[in-house]
Amino acid sequence: MAATRPDQGNDPTMTTIELNEQQAHNGAKLLQAIAHPKRLLLLAVLADRRLSAGRLAAAVGLPSGLVYKHLHTLVESGLLRVSAKSAGMCFSFKLTEIQAVLAAQIPGNVA
């Protein structure tokens, strides 16, 4: 929700965003999840495809165990989805969910 601060008078272009503690905490957790360079790389690789952890490990040049650790962080934060296939688990980007999470972190518009 946008609110005019008392020191801003009636100027509608001078607004602030009210952000409560829980929203700030949730936003920080999301940013923390993507802040690691390898996790950001994993997200970029998965942006338009679904891959297994083994193929992701090969794509980013990391051992499978470390890739699983990063994937777990991304799944827990809501950035990735896991689907079970006969050959194992595949990971994919949750674009619409990410947009909703980010939109929820910014409860108003800044003019």
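Biologist: Where does His70 sit?

Modeller: His70 belongs to helix 4, where helices (DSSP H or I runs of at least four residues) and strands (E, at least two) are numbered from the N terminus. Keep in mind that this is a predicted model: local features need pLDDT of at least 70, side-chain atom pairs count only at pLDDT 80 or more, and totals for chains, interfaces and linings use all residues. Residues are numbered from 1 along each chain as its sequence is written, and side-chain values use heavy atoms, with hydrogens and water left out.

Biologist: OK, does His70 count as buried or exposed, and what makes it so?

Modeller: Buried means under 20% relative accessible area, exposed over 50%, and partly exposed in between (1.4 Å probe, protein chains only). His70 has 5% relative accessibility, so it counts as buried.

Biologist: Which residues is His70 in contact with?

Modeller: Skip the neighbours within four places in sequence, and His70 has contacts (heavy atoms within 4.5 Å) with His36, Lys38, Arg39, Leu42 and Leu62. Of these, Arg39 and Leu42 are among the buried residues of helix 2 (residues 37-46), along with Leu43, Val45 and Leu46.

Biologist: How do you know which side of helix 2 those buried residues are on?

Modeller: Take the directions from the helix axis to the C-beta atoms. The buried residues span an arc of only 160° around the axis, so they lie on the same side of helix 2. On the face turned away from that buried side you find the exposed residues Pro37 and Ala44.

Biologist: What about Val60 in helix 3, is that buried or exposed, and why?

Modeller: Val60 comes out at 7% relative accessibility, so by the same cut-off it counts as buried. Ignoring neighbours within four places in sequence, its contacts are Lys38, Leu41, Leu42, Val45 and Val67. The C-alpha atoms of Val60 and Leu42 are 7.1 Å apart, although 18 residues separate them along the chain.

Biologist: What angle do helix 3 and helix 4 make, and what is that arrangement called?

Modeller: Helix 3 (residues 53-60) and helix 4 (residues 64-76) pack at about 105°, with their axes 9 Å apart. The axes are lines fitted to C-alpha atoms over the stretch in contact, and angles run from 0 to 180 degrees between N-to-C directions. Under 35 degrees counts as roughly parallel, over 145 as roughly antiparallel, 65 to 115 as roughly perpendicular and the rest as oblique. That is why helix 3 and helix 4 are called roughly perpendicular.

Biologist: Which residues of helix 3 and helix 4 meet?

Modeller: Ala53, Leu56, Ala57 and Val60 of helix 3 meet Ser64, Val67, Tyr68 and Leu71 of helix 4. The split is seven nonpolar, one polar and no charged, with Ala, Val, Leu, Ile, Met, Phe, Trp, Tyr, Cys and Pro as nonpolar, Asp, Glu, Lys and Arg as charged, and the others, Gly among them, as polar.

Biologist: And how do helix 1 and helix 2 cross?

Modeller: The axes of helix 1 (residues 21-35) and helix 2 come within 6 Å and cross at roughly 85°. That value makes helix 1 roughly perpendicular to helix 2. Gln32, Ala33, Ile34 and Ala35 of helix 1 touch Pro37, Arg39, Leu40 and Leu43 of helix 2. Here the residues divide into six nonpolar, one polar and one charged.

Biologist: Last one: Ser92 in strand 5 (residues 88-93), buried or exposed, and why?

Modeller: Its relative accessible area is 13%, so Ser92 is buried. Apart from neighbours within four places in sequence, Ser92 contacts Arg49, Arg50, Leu79, Leu80 and Arg81.
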